[in-house]
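Colleague: Before I rely on terms such as buried, core or perpendicular, I should like to see how each one is justified.

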Amino acid sequence: MASTDKRKSKHDIDPEEMKVRVDLAAAYRLVAMYGMTDLDATHLSARHPHDKDRFFLNPYGQLFDEITASSLVELDLDGNVLSEGEVNWAGYTIHSAVLKARADVNSVMHTHTRAGMAVAAQKDGLLPITQTALRFYKNLAYHAYEGIAEDEAEKARLVRDLSDKQAMILKNHGLLTAGRTVGEAWVLLHDLEKSCQSQVDALAGGGEIERPSKEICERTADQYAEYASGNTMPGERAWPAHLRKLDRIDPSYRS
Ligand SMILES: [Zn+2]
């Protein structure tokens, strides 16, 4: 991977590209705000609005609460870095694989949270024991652990396992979501995280677990799918409110 030119100044970025950059920088701030970071590891990506073969990733070494729209690194699906900055190689592997294989996906998010890793370490994976978890009843994949994702050959197995799903548990590793927009990937990540936290808490509580019937699980999953195919995509209605919240706290993500 070679850096071919300097970081873009804001004058070089058109409004559509800036919107995607602002949304992605906001997602980094939200992941930090909701306690889902792992120091400077893990990564969130968004596809370039004008070139399906390019995407943005975090500058490696920066904490999520200091990432800004203009500091995001632009790279292509072949791993060429097109702006100033260094990226996490495993991040390139995971995000480029999903963005290349899935034309419907424009944003991918990956975390190593405590609850996400805990469920990723459990043989049975995510249990259908809360309404929030049922969002993933028919929309969750699993990928077996292969070591740190730096091997080009793992890309094919990642996308084979993800298939047409929007969420994946990377076994012994962490969580991944794939959305049509940054807002959708964010709400999926938030709900997958909450589902894992609830599962860990329920199992730790020691009481007998109440399980909805298979029919109710199927029905709830279908209700979520119907909602996701509606006019307003999941995550989109509240996305401006998330930005307003960030603006009240620290609007520097927009710069
Ligand atoms: Zn990871």
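The exchange below takes several assigned terms in turn and sets each value against its definition.

Modeller: This is a predicted model, in which local features need pLDDT of at least 70 and side-chain atom pairs count only at pLDDT 80 or more, whereas totals for chains, interfaces and linings use all residues. Residues are numbered from 1 along each chain as its sequence is written, and side-chain values use heavy atoms, with hydrogens and water left out.

Colleague: What makes His110, His112 and His173 ligands of the zinc ion?

Modeller: Donors are N, O and S atoms within 2.8 Å of the metal (3.2 Å for Na, K and Ca), and water is not among the atoms, so sites may look incomplete. The NE2 atoms of His110, His112 and His173 coordinate the zinc ion at 2.0 Å, so they satisfy the cut-off for donors. Their spacing in sequence is H-x1-H-x60-H. His110 lies in strand E4 (residues 107-111) and His173 in the loop between strands E6 (167-170) and E7 (174-179), so the pair ties together parts 63 residues apart in sequence. Strands (E, at least two residues) and helices (H or I, at least four) are DSSP runs, numbered from the N terminus.

Colleague: Why is His110 called buried, and why is Asn172 called exposed?

Modeller: Buried means under 20% relative accessible area, exposed over 50%, and partly exposed in between (1.4 Å probe, protein chains only). His110, at 1%, therefore counts as buried, and so does His173, at 18%. Asn172 has 51% and is therefore exposed; Asn172 is found in the loop between E6 and E7.

Colleague: How do you know that H1 and H8 are roughly perpendicular?

Modeller: Axes are lines fitted to C-alpha atoms, for helices over the stretch in contact, and angles run from 0 to 180 degrees between N-to-C directions. Angles under 35 degrees count as roughly parallel, over 145 as roughly antiparallel, 65 to 115 as roughly perpendicular and the rest as oblique. The axes of H1 and H8 come within 10 Å and cross at roughly 70 degrees, so the two helices are roughly perpendicular to each other. Residues in contact (heavy atoms within 4.5 Å) include Asp23 and Leu30 in H1, and Trp239 and Leu246 in H8.

Colleague: What makes a set of residues a nonpolar core?

Modeller: The set must consist of buried Ala, Val, Leu, Ile, Met, Phe, Trp, Tyr and Cys residues joined through side-chain atoms within 4.5 Å. The largest such core has 28 residues, with Met109, Trp186 and Trp239 making the most contacts inside it. H1 gives the largest share, 10 residues.
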